[in-house]
Amino acid sequence: VVTITGRGFEPRPIDNRITFNGQLLYIFPQTGSTTGITVLVPPTPASGFISVTTRQGTAVSAESLSVQ
C-alpha cells in the first residue's frame, strides 16, 4: 500500500489513473481527496516510477519506487 500526496488529484478516486511501471493500480475508494490518494502496489519485486493522470494532465514521481 502506498499513499501518494500532492495537489490536483480529482476528488473522486475513479477519476484518477495511477500506474506503476505501466500497470494500472487499484485505488482505495475511501481515500479520494484533492491532496492525496492511497493505492495498492503489486506484491512482486519491481522498481519504477508512479504516474498520476487526471483531467489536468499527467505527473510522474520524481524518484523511483522499489517494491521488495
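**Rings, strands and a few odd residues**

Student: With a relative accessibility of 21%, is F28 buried, partly exposed or exposed?
Tutor: Go by the cut-offs: buried means under 20% relative accessible area, exposed means over 50%, and partly exposed is in between (1.4 Å probe, protein chains only). F28 comes in at 21%, so the class is partly exposed.

Student: Before we go on, what pLDDT do local features need here?
Tutor: Residues are numbered from 1 along each chain as its sequence is written, and side-chain values use heavy atoms, with hydrogens and water left out. This is a predicted model: totals for chains, interfaces and linings use all residues, side-chain atom pairs count only at pLDDT 80 or more, and local features need pLDDT of at least 70.

Student: Which residue forms an aromatic pair with F28?
Tutor: Rings of Phe, Tyr and Trp (its six-membered ring) pair if their centres lie within 6.5 Å; planes under 30 degrees apart are stacked, over 60 edge-to-face, and the rest tilted. One aromatic pair turns up by that rule. Its centres are 5.2 Å apart with 85° between the planes, which is edge-to-face, and the partner of F28 is Y26.

Student: Y26 sits in a surface patch too, so how much accessible area does that patch have together?
Tutor: Patches take residues with over 30% relative accessible area and no salt bridge (side-chain nitrogen of Lys or Arg within 4 Å of a carboxyl oxygen of Asp or Glu); like charges are joined within 9 Å, nonpolar side chains (Val, Leu, Ile, Met, Phe, Trp, Tyr) within 5 Å. Y26 is partly exposed at 45%, and V1 is exposed at 65%. Using Shrake-Rupley areas with a 1.4 Å probe, the nonpolar patch of V1, Y26 and L40 has about 310 Å².

Student: On to the sheet: in what order do its four strands lie?
Tutor: Strands are DSSP runs of E, at least two residues long, numbered from the N terminus, and two of them pair if DSSP finds at least two bridges between them. Strand 3 (23-24) and strand 8 each have a single partner strand, so they stand at the edges with one side left without a neighbour. The sheet is open, its pairing is antiparallel, and the order is 3-2-7-8.

Student: Which residue of strand 8 stands opposite S51?
Tutor: Strand 7 (residues 50-54) and strand 8 (residues 57-60) run antiparallel, joined by four bridges. They make a hairpin with two residues between them. Opposite S51 stands V60.

Student: And on the strand 2 side, what is the bridge partner of R17 in strand 7?
Tutor: Strand 2 (residues 17-20) pairs with strand 7 in the antiparallel sense, over four bridges. The partner of R17 there is T53.

Student: How far is the backbone nitrogen of E10 from a polar atom of the N16 side chain?
Tutor: N16 is in the loop between strand 1 and strand 2, and it's buried at 6%. A polar atom of its side chain also lies 3.3 Å from the backbone oxygen of R12. For the backbone nitrogen of E10, the distance is 2.9 Å.

Student: What's the phi of N21?
Tutor: Most residues other than glycine have a negative phi. N21, in the loop between strand 2 and strand 3, is partly exposed at 47%. Its phi is positive, near 55°.

Conventions. A polar contact is a pair of N or O atoms within 3.5 Å; within protein, one must be able to donate a hydrogen and the other to accept it, and residues adjacent in sequence count only if both atoms are side-chain atoms.
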